[in-house]
Amino acid sequence: MTAARIAVLTVSDRASRGEYEDRGGPAIEAWLRRAVTSELEIIREIVPDGREVVAGAFRRWADEGGADLILATGGTGPSPRDLTPEAMEDVAERVFPGFGELMRAVSLREVPTAILSRQGAGTRGKTLIITLPGKPSAIDTCLNAVFPAVPYCLDLMGAGWIETDPEVCKAFRPAK
Ligand SMILES: Nc1ncnc2c1ncn2[C@@H]1O[C@H](COP(=O)(O)OP(=O)(O)OP(=O)(O)O)[C@@H](O)[C@H]1O
Ligand SMILES: Nc1nc2c(c(=O)[nH]1)N[C@H]1C(S)=C(S)[C@@H](COP(=O)(O)O)O[C@H]1N2
């Protein structure tokens, strides 16, 4: 079984300029290292906000980078430069509204402003792309909610194999 390849993409003007230390990318990587027990290759990148640059990163990791999964954080809100969902529109061949619906539902238990996040998921070829809010504290909440469906989703797409530690994340694969 080859290692699943996961690209972790931080979308933030200020983190990309080094004005603050990126805490979103490391939070995603730490969550994956806790939850995933199968072999993993994690690549991290930080890009500024913007439709073209984010779409370009999605395309690069999906088409040339061989990513099974792209986890992006940031740029999902209502600020003028929050254009991660528009980048997703440009690259996704199919969208999966359930991811955004569930992430907003669980996040709303924590902050009323969760309705401001246009986070979601889509596929491009054999790559699943999931966009998370930029707040580092949102990472665990959102991944805990949606990740149980990710390994089976990758199976159905013909992408890489992921196994998880059920103590951290109970991945669900329906009985054949
Ligand atoms: N990658 C990150 N690392 C650390 N903190 C972050 C990151 N992304 C967001 N935050 C924090 O969450 C807050 C709200 O997130 P939001 O995405 O709205 O940031 P932002 O102000 O648009 O960031 P930027 O201007 O850098 O793109 C930010 O002010 C910052 O404190
Ligand atoms: N779980 C969780 N979701 C959250 C938040 C949060 O603090 N926790 N912040 C919200 C806020 S204030 C915004 S503006 C949106 C969009 O964030 P983004 O532009 O950083 O992606 O995510 C929302 N979702």
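These legends accompany close-up views of a predicted model.

**View 1. The largest nonpolar core and its best-connected members.** Welcome to the interior: this core holds 46 residues, and F58, L69, I70 and L71 are the ones that touch the most other members. Strand 1, spanning residues 4-11, supplies the largest share of the core, with 6 residues. As background, nonpolar side chains tend to be buried together in soluble globular proteins.

**View 2. L69 and its contacts from elsewhere in the sequence.** Once neighbours within four places in sequence are set aside, L69 is in contact with A4, I6, T127, L128, V150 and L154. L69 is also among the residues touching the most other members of the core in View 1.

**View 3. The surroundings of ligand 1.** Here 16 residues lie around the ligand, and S12, R14, R23, G24 and G134 come nearest. Helix 1 (residues 13-16) gives the most to this shell, namely 3 residues. Sorted by class, the shell around ligand 1 has 7 polar, 6 charged and 3 nonpolar residues.

**View 4. The surroundings of ligand 2.** Ligand 2 is surrounded by 18 residues, with G77, S107, S117, G134 and A138 the closest. The largest share of its shell, 3 residues, comes from helix 6, which covers residues 136-146. By class, the shell around ligand 2 counts 10 polar, 5 nonpolar and 3 charged residues.

**View 5. D140 in helix 6.** D140 counts as partly exposed because it has 15 C-beta neighbours inside 10 Å. Take a look at L32 as well: the C-alpha atoms of D140 and L32 are separated by 9.9 Å, although these residues are 108 residues apart along the chain.

Notes:
Residues are numbered from 1 along each chain as its sequence is written. Chains are lettered from A and ligands numbered from 1 in the order in which they are written. This is a predicted model: local features need pLDDT of at least 70, side-chain atom pairs count only at pLDDT 80 or more; totals for chains, interfaces and linings use all residues. A nonpolar core is a set of buried Ala, Val, Leu, Ile, Met, Phe, Trp, Tyr and Cys residues joined through C-beta atoms within 7 Å. A residue is buried if 20 or more other C-beta atoms lie within 10 Å of its own, exposed if 12 or fewer, and partly exposed in between; C-beta atoms are placed from the backbone. Helices (H or I, at least four residues) and strands (E, at least two) are DSSP runs, numbered from the N terminus. Two residues are in contact if their C-beta atoms, placed from the backbone, lie within 7 Å. A residue is near a molecule or strand if its C-beta atom, placed from the backbone, lies within 6 Å of it. Ala, Val, Leu, Ile, Met, Phe, Trp, Tyr, Cys and Pro count as nonpolar, Asp, Glu, Lys and Arg as charged, and the others, Gly among them, as polar.
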